[in-house]
Amino acid sequence: MGETLIDKDTMGSKSLKNRIKPIQANFKSINSVTKWTSVKKKDIEGESAEGGEATFYYTDKGLEKVIARHYGEMGQMLIEYYLMNGQLSFVFEKEYRYNRPLFYDTKAMKENNDMEAFDLKKSKVIMTRNYFENGNIIMITNTTGRGFNISADYPYEQEKNLTESFKKLLKLVN
């Protein structure tokens, strides 16, 4: 879990650093839970070529965390959603982009005069951390390690996409 949240994500302005502290504290608190009141697993249909699954973690206070995995022919996506006061507070995305399609074994490699078969270790991995405050993204950092504030269109699109995908997941358990 160490790679999910990185303390250096707060390198921005002092006020942004202070706004992110409670999000990080909430994240650490949720991940320190050893006994959940309930854990529900659901299949995710139609979101990706190879399907997916979502796991919902509850305490006495309600839903705290959702982990979703989407499987595809050319990669997979792991998305962890963390809630604070019933709202998204942090979303961690880990995307694996495969070097070749999942089914591309050594036989397919030879048939196509290729030098490489599918190898999970050769996947490109992109990690994105999304910090939310009152339902809005306030900071995004990714594997290149550069954080930026909400001035570009990208954070708005990211916020919209994550919020919509989270709402779809909630429909699976409600």
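Contact, in this tour, means heavy atoms within 4.5 Å. The model is predicted, so local features need pLDDT of at least 70 and side-chain atom pairs count only at pLDDT 80 or more, while totals for chains, interfaces and linings use all residues. Residues are numbered from 1 along each chain as its sequence is written, and side-chain values use heavy atoms, with hydrogens and water left out.

Begin with the whole protein chain, which holds three helices and eight strands; helices (H or I, at least four residues) and strands (E, at least two) are DSSP runs, numbered from the N terminus. Their order from the N terminus is α-β-β-β-β-β-α-β-β-β-α.

Next, select helix H1, residues 14-31. H1 bends by about 25° at Ile 20, with Pro 22 following within four residues; the bend is the angle between axes fitted to the seven residues ending there and the seven starting there.

Now display the buried residues of H1 (under 20% relative accessible area, 1.4 Å probe, protein chains only): Leu 16, Ile 20, Ile 23, Gln 24, Asn 26, Phe 27 and Ile 30. They pack against strands S3 (62-71), S4 (75-84), S5 (87-97), S6 (124-133) and S7 (136-142).

Turn then to the largest nonpolar core, of 19 residues, where Phe 56 and Leu 169 are among those with the most contacts. Such a core is a set of buried Ala, Val, Leu, Ile, Met, Phe, Trp, Tyr and Cys residues joined through side-chain atoms within 4.5 Å. Helix H3 (153-173) is one of the elements that supply at least two of its residues, and the largest share, four residues, comes from H3.

Finally, select Ile 20, Leu 78, Met 127 and Ile 138, which belong to a second, separate core of 16 residues.

Technical notes:
The expected span of a helix is 1.5 Å times one less than its number of residues. Buried means under 20% relative accessible area, exposed over 50%, partly exposed in between (1.4 Å probe, protein chains only).
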